[in-house]
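Please examine how the sheet, the helices and the nonpolar cores of this predicted model fit together. The account below proceeds from one helix to the sheet and then to the interior.

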Amino acid sequence: MPDIIYVLTNEAMPGLVKIGRTSDGVEVRLSSLSSHAGVPLPFECHFAAEVDNGIRVENLLHRLFAPDRLNPRREFFRVEPEPVVLAISIGNFRKITPGVIFADEEEEQALEKVKDRREARGSRLAAIGINPGDLLYFSRNQQVTATVVSDTHVNLNG
């Protein structure tokens with residue numbers, strides 16, 4: 001049975017991905033990781049693929065993203081998931097990303113609640129009439145400006 005390389009995300013850990021390997025199946029791994037009492041929300045599978053020589057692929061990914069690794073004893077990296085997916089797709093693989101998996105209804109509700117709150121927080125700029133493309137001025141120094149990029153981001157000096 002080929003190994004599975006996965007890229008997991010968790011709403012409680014924004015900006016982090018877990019890059020790992022399993023031979024038991026993604027669903028089993030998600031359930032195992034999400035069932036720990038120390039994890040406030042379930043993990044979600046952003047991408048999973050069957051690969052040959054999963055140990056080698058996992059080690060290569062960990063080395064490739066080593067500058068972004070939080071702890072050398074853990075598989076968490078401060079990267080967006082897409083560069084990891086791109087790195088996996090360079091080799092031979094078969095995509096097997098499962099659909100949404102929840103341990104139970106309470107887990108699903110907790111995750112949706114967090115996503116709803118994040119979306120509500122993210123729309124604050126538009127709610128007060130500030131839109132993408134607008135120029136913002138620093139109140140103490142009108143020479144300092146920022147351009148609104150999206151409803152949640154501004155560009156200040158690049």
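**Helix, sheet and cores**

The cover over the buried residues of helix H1 includes strands E1, E2 and E3. Helix H1 spans residues 26-34, and its buried residues are Val26, Leu30, Leu33 and Ser34. Viewed down the axis of H1, these buried residues lie within an arc of 90°, so they line one face of the helix. The general geometry agrees: an α-helix has 3.6 residues a turn, so residues three or four places apart point the same way.

The strands that help to cover H1 belong to an open sheet of 5 strands, ordered E4-E2-E1-E3-E5 with antiparallel pairing. At the edges stand strand E4 (76-77) and strand E5 (93-95); each has a single partner strand, so one side of each is left without a neighbour in the sheet. Strands E1 and E3 run antiparallel and are joined by 7 bridges. Tyr6, for instance, has Ala48 in E3 as its bridge partner. Helix H3 packs on the sheet, where H3 touches E1, E2, E3 and E5, and the direction of H3 makes about 10° with that of E3.

Turning to the interior, the largest nonpolar core comprises 15 residues, and those with the most contacts inside it are Val17, Ile19, Leu61, Phe65, Val84 and Ile88. Two or more residues of this core come from each of strand E1 (3-9), strand E2 (17-22), strand E3 (44-51), helix H2 (54-64) and helix H3 (81-89). Beyond its neighbours within four places in sequence, Leu61 contacts Ile5, Ile19, Val84, Ala87 and Ile88. A second, separate core has 11 residues, among them Leu8, Leu33, Val39 and Cys45. Leu33 is also one of the buried residues of H1.

Conventions: Residues are numbered from 1 along each chain as its sequence is written. This is a predicted model: local features need pLDDT of at least 70, side-chain atom pairs count only at pLDDT 80 or more; totals for chains, interfaces and linings use all residues. Side-chain values use heavy atoms; hydrogens and water are left out. A nonpolar core is a set of buried Ala, Val, Leu, Ile, Met, Phe, Trp, Tyr and Cys residues joined through side-chain atoms within 4.5 Å. Buried means under 20% relative accessible area, exposed over 50%, partly exposed in between (1.4 Å probe, protein chains only). Helices (H or I, at least four residues) and strands (E, at least two) are DSSP runs, numbered from the N terminus. Contact means heavy atoms within 4.5 Å. Two strands pair if DSSP finds at least two bridges between them. Axes are lines fitted to C-alpha atoms, for helices over the stretch in contact, and angles run from 0 to 180 degrees between N-to-C directions. The arc is that of the directions from the helix axis to the C-beta atoms.
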